[in-house]
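User: I would like to understand how the labels in a structure description are justified. Can we go through some of them?

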Amino acid sequence: MILAAILLAGCALWALGEAIMLTGAQITVAGGTVTTVGMVLAGCGIWTLKDLPGMVKPGRVGIALCAFGAFSFAMVMIIVLTSGVLGAMAEGTVGHADIVFTPFYLLALVFVVAGLTAFAIHFSKAPGAPTTAALVPAGLAIGHLARIFVPDLAVYHETLSIALALYLGWLGVRRVALRTTAPAA
């Protein structure tokens, strides 16, 4: 249950950090730092989802890819926070699109889209799973893929990140709710 708690804390911090940046209309040190810590914690804690009842190969692939995506997006944020990009953004010499079209950002995006697609495949075949269990990650995957078409619309990127954090947090809540107890020895 420790991993589930880490996932839930990470998702809460990730969403909070993105909300801070969303209300400020730009990347900020405070929002970026909270977001980065949340992404790293979510990437570490997501491994708890392997213990969801019925989790099979496509779901496990989704777990790994979403973890890599969270870690990669955290690294992008660390680079933005520590390399002078914030100052360049304030001066207007660097825009949000300049960050979106970096190889590391695009790699993180591929990991997240592939991970969400794997979750959609898993939940579409999971016994007893409602249709929405597959539609939500599929919709999020499409939404994240669309980021490359609106690179300067920071509000879109941050809103999708909040949605992803909330989705992963919801899976964490399901993990806690559906935990299996080990038989007493």
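Analyst: What follows takes a few labels and sets each value against its cut-off; the model is a predicted one.

User: Why is I46 called buried?

Analyst: I46 has a relative accessibility of 1%. Buried means under 20%, so I46 counts as buried. I46 sits in the loop between α2 (29–45) and α3. Beyond its neighbours within four places in sequence, I46 is in contact with L7, I63, C66, A67 and L168.

User: Why is I79 called partly exposed?

Analyst: The relative accessible area of I79 is 40%. Partly exposed lies between the buried limit of 20% and the exposed limit of 50%, so I79 is partly exposed. I79 belongs to helix α3.

User: What makes I79 eligible for the nonpolar surface patch?

Analyst: A patch residue needs over 30% relative accessible area, and I79 has 40%. The patch is made by M75, I78, I79, F104 and L107, and covers about 380 Å². α3 (57–82) and α6 (103–125) each give two or more residues to this patch, and α3 gives the most, with three.

User: How do you know that R147 has no salt bridge?

Analyst: The nearest side chain of opposite charge, E18, is 6.1 Å from R147. A salt bridge needs a distance within 4 Å, so R147, although buried, has none. R147 lies in the loop between α7 (131–145) and α8 (154–177).

User: What makes the pair R147 and Y105 a polar contact?

Analyst: Their side chains are 2.6 Å apart. The cut-off is 3.5 Å, so the distance fits a polar contact.

Technical notes:
Residues numbered from 1 in each chain as written. Predicted model: local features only at pLDDT ≥ 70, side-chain atom pairs only at ≥ 80, totals over all residues. Heavy atoms only, no water. Patch = residues over 30% accessible without salt bridge, like charges linked within 9 Å, V, L, I, M, F, W, Y side chains within 5 Å. Areas by Shrake-Rupley, 256 points an atom, 1.4 Å probe, with all protein chains shown as cover. Helix = DSSP H or I, 4+ residues; strand = E, 2+ residues; numbered from the N terminus. Buried < 20%, exposed > 50% of the residue type's maximum accessible area, 1.4 Å probe, protein only. Lys, Arg positive; Asp, Glu negative; His and termini not counted. Polar contact = N/O pair within 3.5 Å; in protein donor to acceptor, adjacent residues only side chain to side chain. Contact = heavy atoms within 4.5 Å.
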